[in-house]
Amino acid sequence: MLSIEDLRFSWQPGKPLLDLPSLSLGAGESLFLRGPSGSGKSTLLNLVGGVLSAQSGSIRLLGHALETLKPRQRDRLRADHIGFVFQQFNLLPYFDAIDNVLLSCGFSPRRAERAGADPRAQARMLLERMQMDVDEVAGRPAAELSVGQQQRVAAARALIGAPELVIADEPTSALDADTRDDFLALLFDECRRAGAALLFVSHDRSLESRFDRSVDLIEINRARAT
Amino acid sequence: MLLKITRASLWNRRFAVALTLFTVAISVALLLAVERLRVETRRSFASTISGTDLIVGARTGPVQLLLYSVFRIGDASNNIRYSSFQELAALPQVAWAIPISLGDSHRGYRVLGTTSTYFEHFRYADQRGLKLARGAEFAGIGEAVLGAEVAARLGYEIGDAVVIAHGIGNRDIMVHDDQPFRVVGILERTGTPVDRTLHVSLQSIEAMHADWQHGVRIPRRPTAGDGDASREVGHDVHVAPATAAAAPQTITAVFLGLKNRAAAFALQRQINEYSGEPLLAIMPAMTMAQLWSLVGVAESALLLVAWCVVVAGLLGMTTALVSTLSERRREMAILRAIGARPWQIAALLMLESALITLLGTALGVSLVQLGVLLLAPSLSGQFGLHLQPLTFTLRELGLVLAVLVGGQIAGILPALLAYRRSLADGLTIRI
Ligand SMILES: Nc1ncnc2c1ncn2[C@@H]1O[C@H](COP(=O)(O)OP(=O)(O)OP(=O)(O)O)[C@@H](O)[C@H]1O
Ligand SMILES: [Mg+2]
């Protein structure tokens with residue numbers, strides 16, 4: 001589903017940050033990507049999301065070679081097939097939880113369609129599965145939610161319309177241990193239910209064991225090895 | 001979707017947005033108010049006189065003749081002979097002729113000596129004639145018909161006595177105090193200088209000036225000649241002077257109405273070449289246009305200032321939007337992650353500026369309408385400006401559209417910045 005080959009990227013000429021011979025992710029697979037701060041994890045996710053372009057090499061996502069696509073097509077691909085969850089501040093603070101979840105459908109007709117006849121009902125259902133008290137949070141701006149609640153809303157938004165890939169960039173690092181475990185369990189369940197592959201970035205190795213596979217960016221990155 | 005985001009985002013910052021909105025509203029209101037006053041001033045100016053085909057006075061500048069004969073501004077440097085008036089009135093092309101005599105005043109208001117032809121033929125605005133609100137036209141010496149403002153400001157009623165001063169100015173020491181006038185009529189409001197004028201008969205003026213020469217009182221002495229004697233009678237016995245009407249020697253100007261307007265050019269030339277004395281004939285409409293081209297500069301300057309205020313208001317909006325960009329960086333990153341294109345991020349900002357200008361303009365328009373509704377009575381009373389409440393002209397629509405376009409232009413900078421930042425930041429949430 002996702003395969004990366006001979007990917008080279010540098011922010012500044014002459015200082016290569018990433019040089020990945022190969023990295024791949026199968027449909028529905030969960031991959032744990034670890035690496036120290038500054039190792040280029042977030043940069044890699046921007047490349048996979050099609051927001052950055054690599055200097056050379058190829059990223060194939062669902063049969064599309066990103067480097068051959070126009071920016072418009074890459075934005076479309078991202079909207080239709082990838083759900084993102086970031087470390088913090090995932091939500092538009094002035095929208096309530098449901099409207100935040102529905103944002104994904106607002107920018108992707110495909111996902112709106114896949115969310116069923118009533119995307120709003122789908123959003124409520126996803127939030128409930130994320131163990132949110134929907135009636136309590138409905139109508140309240142997202143800024144009033146706790147950080148744990150916000151992350152669960154963000155996960156629901158990433159999952160609505162069943163994208164093929166969910167990318168999570170340290171989504172648990174702002175959470176305490178209990179909240180983190182609950183959140184992870186819910187995320188796994190829902191990805192499995194939606195059939196979405198999960199690319200999970202973190203430097204917290206205690207989470208590693210729950211994933212199908214684990215990769216250390218330092219080990220596969222030739223740019224750092226040399 | 002974008003509109004929904006914009007609405008929620010603006011509502012979220014409603015306090016700051018309201019301030020920006022008010023700035024825009026006030027600047028738009030100012031612009032429209034200036035435009036309203038400008039148009040109305042011009043209309044009111046143009047309606048000062050109508051139906052008069054030629055104005056004839058002593059040779060001077062055309063604008064000066066217009067100013068003193070119609071607007072009661074400044075003084076005539078010379079008078080014309082009454083016999084010239086009689087000759088003009090007798091010309092075959094002339095339908096009617098109104099003689100006017102200026103030079104006296106009452107507490108700052110000009111006194112105009114004329115005949116009943118004035119009430120019959122003088123027209124202003126859209127061929128509107130003068131109407132008496134109360135009382136009657138003057139019939140004899142010592143009777144005065146007041147313009148509406150004179151009566152209202154000075155609180156005169158029918159039957160009151162007014163004392164006329166020689167010359168112009170409020171505190172003239174040379175007062176014809178031996179010649180008090182009695183108010184016999186008060187005219188309806190016209191919104192023209194007529195409102196600020198006292199009208200008396202030519203004979204009254206003549207009688208009043210009988211023993212004045214060059215503005216200096218000459219000690220009364222016995223005079224010879226019947227004509228002079230009769231004038232003396234009218235002077236001493238100012239009660240019931242009607243029988244003692246003196247023939248005027250000179251007048252200030254003549255308003256002419258022609259049987260056929262097309263003859264105006266030819267007659268104008270003929271009068272200007274009159275051999276009896278140096279005369280000047282002007283066509284009021286043409287000289288009014290000339291005068292307006294002088295006055296119009298101030299008017300344009302005012303409009304320019306109003307536009308500057310609008311530009312300042314819109315720049316304020318630009319500043320406000322740009323200053324929100326840094327705190328909204330993560331919003332942009334979120335939207336990018338969800339699949340928003342960079343131009344959509346830019347469109348968000350454009351939409352915001354559009355909404356702010358739209359609402360601000362709507363508020364400004366309402367403010368002006370409300371202001372006109374409240375102020376129209378006092379403006380029309382004091383300045384003769386008749387502002388129409390609850391109207392919207394095509395020109396005003398043009399101004400509003402121009403402001404809306406300006407608002408979009410003002411939105412370009414924040415939109416461009418947002419576009420560039422969202423490209424640079426990508427999905428990385430920067431705080
Ligand atoms: N927009 C940018 N312009 C220039 N350099 C950048 C930019 N973004 C990141 N970098 C550089 O790229 C390198 C990798 O950054 P990146 O954010 O990918 O690291 P990371 O692995 O996600 O780190 P962390 O675990 O702290 O999030 C860093 O040295 C950073 O300075
Ligand atoms: Mg990172």
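This report walks through a ligand site, the nonpolar cores and one arginine in a predicted model.

**The ligand site**

Let's start with ligand 1. Twelve residues sit around it, and those that come nearest are Ser37(A), Gly38(A), Lys41(A), Ser42(A) and Thr43(A). Chain A isn't alone here, though: residues from chain B also help surround ligand 1, so the site is shared between chains. Sorted by class, the shell is made up of six polar, three charged and three nonpolar residues.

A few polar contacts are worth a look while you have the structure open. Each row pairs an oxygen atom of ligand 1 with an atom of the protein.

| Residue | Atom on the protein side | Distance to an oxygen atom of ligand 1 |
|---|---|---|
| Ser37(A) | polar side-chain atom | 2.5 Å |
| Gly38(A) | backbone N or O atom | 2.8 Å |
| Trp11(A) | side-chain N or O atom | 3.1 Å |

As for how covered the ligand is, ligand 1 on its own has 630 Å² of accessible area, and the protein covers 62% of that.

**The nonpolar cores**

Now for the greasy parts. In soluble globular proteins, nonpolar side chains tend to be buried together. In this model, the largest nonpolar core counts 83 residues. The residues with the most contacts inside that core are Leu44(A), Leu165(A) and Leu199(A) from chain A, plus Ile5(B) and Leu335(B) from chain B. Which element gives the most to this core? That would be helix H12 of chain B, residues 342–383, which puts in eleven residues.

Leu199(A) is a handy place to zoom in. Leaving aside residues up to four places away in sequence, Leu199(A) touches a run of neighbours at 165–168, namely Leu165(A), Val166(A), Ile167(A) and Ala168(A). Leu199(A) also touches Leu2(A), Leu25(A), Leu31(A), Leu33(A) and Leu45(A).

Another core, of 39 residues, lies apart from the largest one; Val85(A), Leu91(A), Ile160(A) and Leu175(A) are among its members.

**Arg59(B)**

Finally, hop over to chain B. Arg59(B) sits in the loop that links strand S1 (54–58) to helix H3 (62–69). Is Arg59(B) buried, partly exposed or exposed? Its relative accessibility is 44%, so Arg59(B) counts as partly exposed, given that the partly exposed class lies between the 20% and 50% cut-offs.

Not counting residues up to four places away in sequence, Arg59(B) touches Asn272(B), Pro278(B), Leu279(B) and Leu280(B). With Asn272(B) there is a polar contact too: the side chain of Arg59(B) reaches the backbone oxygen of Asn272(B) at 2.7 Å. For a sense of scale, the C-alpha atoms of Arg59(B) and Ala340(B) are separated by 78 Å, with the two positions 281 residues apart along the chain.

Note on methods
Residues are numbered from 1 along each chain as its sequence is written. Chains are lettered from A and ligands numbered from 1 in the order in which they are written. This is a predicted model: local features need pLDDT of at least 70, side-chain atom pairs count only at pLDDT 80 or more; totals for chains, interfaces and linings use all residues. Side-chain values use heavy atoms; hydrogens and water are left out. A residue is near a molecule or strand if one of its heavy atoms lies within 4 Å of it. A polar contact is a pair of N or O atoms within 3.5 Å; within protein, one must be able to donate a hydrogen and the other to accept it, and residues adjacent in sequence count only if both atoms are side-chain atoms. Accessible areas come from the Shrake-Rupley method with a 1.4 Å probe; for residues, only the protein chains shown count as cover. Ala, Val, Leu, Ile, Met, Phe, Trp, Tyr, Cys and Pro count as nonpolar, Asp, Glu, Lys and Arg as charged, and the others, Gly among them, as polar. A nonpolar core is a set of buried Ala, Val, Leu, Ile, Met, Phe, Trp, Tyr and Cys residues joined through side-chain atoms within 4.5 Å. Buried means under 20% relative accessible area, exposed over 50%, partly exposed in between (1.4 Å probe, protein chains only). Helices (H or I, at least four residues) and strands (E, at least two) are DSSP runs, numbered from the N terminus. Contact means heavy atoms within 4.5 Å.
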